[in-house]
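Biologist: Got a minute to walk me through this one? I'd like to start with how the strands fit together.

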Amino acid sequence: MKLTIVSGRSGSGKSTVLHVLEDHGYYCIDNLPASLLPALANRISKDGNDLPEVAVSIDARNVSEDLEKVPEIIAELRNTQISTKILFLDANSQTLLRRFNESRRKHPLSNETIGLKEAINTESDLLEHISLLASLAIDTSNMSLQALRQTVKEQLLGGQSRATALLFQSFGFKHGVPADADIVYDVRCLPNPYWDASLRSLTGLDQPVADFLGSDEEVTGMLTDILNFLYKWLPSFDANNRSYLTIAIGCTGGQHRSVYLCERLSQAFEKKLANVQVRHRELRE
């Protein structure tokens, strides 16, 4: 019996997540009053065979008094036989502003006296208690709907193993650090294939770039150090009930060095873990 709580600021993609879960057999409820969570949990406990997997959306449309009680309610649920996970979605405020302006939809907290920007900031405060309890947090600022759907499938639905799921993500520092990264490595100190004219247009997925980087002692040393750190500390993250861990590797443009290292790291951990993914943020398919 599983209960997944989906929360986050308006415009961050909660509806998309619920649609993905519904397509995978979840019984989904949008905008459930938080005060009804105990009653829903009781219903799941009694009829677990009928409702094996349930997902509910709880957000700022709730009564503020109910939102304040969510941590207490979640603590009670986690003492039951129901497996409870919290997925929290967010995006930076500028992105949310743009999405609302493009869709011309009304923000649930905006009115005659509260503008869109103020409503977005207020919503962040209202949902802070839930965000701190999240089992998985996803920043959708730079995600398309397709990328969000794929991320949910990989990180929430993909792995059956109880061990921590790893996501290795390459990125370019000139485009900003991923907000949802748990650990960030800066590899801009390594030799850059960009300065080789024959490699400039290629990526870390291409064999000539892999040969260039794989033959360099500094690159090999960096890879070894990152692997040793993760081999040593991943069991501690796992023991601390971390279901998901995002390792972000950044170089200048996110095209060569970071891509190569993410591929090598994912290959190493695929031999040890059942749920390992890799994503290259700056590479457009």
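Modeller: Sure. This is a predicted model, and strand 1 and strand 4 run parallel, joined by seven bridges. Strands here are DSSP runs of E with at least two residues, and helices are runs of H or I with at least four, numbered from the N terminus. Two strands count as paired if DSSP finds at least two bridges between them.

Biologist: What stands opposite Gly-8 in strand 4?

Modeller: That's Leu-89. Leu-89 also stands opposite Ile-138 in strand 5.

Biologist: And how many bridges pair strand 4 with strand 5?

Modeller: Four, in the parallel sense, with strand 4 covering residues 83-90. Leu-87, for instance, has Leu-136 in strand 5 as its bridge partner.

Biologist: OK, what's the strand order in the open sheet?

Modeller: The order is 2-3-1-4-5, five strands with parallel pairing. Strand 2 (27-29) and strand 5 (136-139) are the edges, each pairing on one side only. On average, neighbouring strands are turned by 20° against each other, direction ignored.

Biologist: Which strands does helix 1 lie across?

Modeller: Helix 1 (residues 14-23) lies across strand 1 (2-8), strand 2, strand 3 (53-57) and strand 4, and runs at about 160° to strand 1. Contact means heavy atoms within 4.5 Å. The axes are lines fitted to C-alpha atoms, for helices over the stretch in contact, with angles from 0 to 180 degrees between N-to-C directions.

Biologist: Switching topic: how much space lies in the second largest pocket?

Modeller: About 680 Å³. A pocket is an open set of points on a 1 Å grid over the protein atoms alone, where a 1.4 Å probe fits, with protein on both sides within 12 Å along at least five of seven lines; lining residues have an atom within 4 Å of a point. Points are joined across faces, edges and corners, and the volume is the space filled by probe spheres set on them.

Biologist: Which helix gives the most to its lining?

Modeller: Helix 8, with five residues. The lining has 24 residues, and among those nearest the centre are Ala-147 and His-280.

Biologist: Any caveats on how this was worked out?

Modeller: Residues are numbered from 1 along each chain as its sequence is written, and side-chain values use heavy atoms, leaving out hydrogens and water. Since it's a predicted model, local features need pLDDT of at least 70 and side-chain atom pairs count only at pLDDT 80 or more, while totals for chains, interfaces and linings use all residues.
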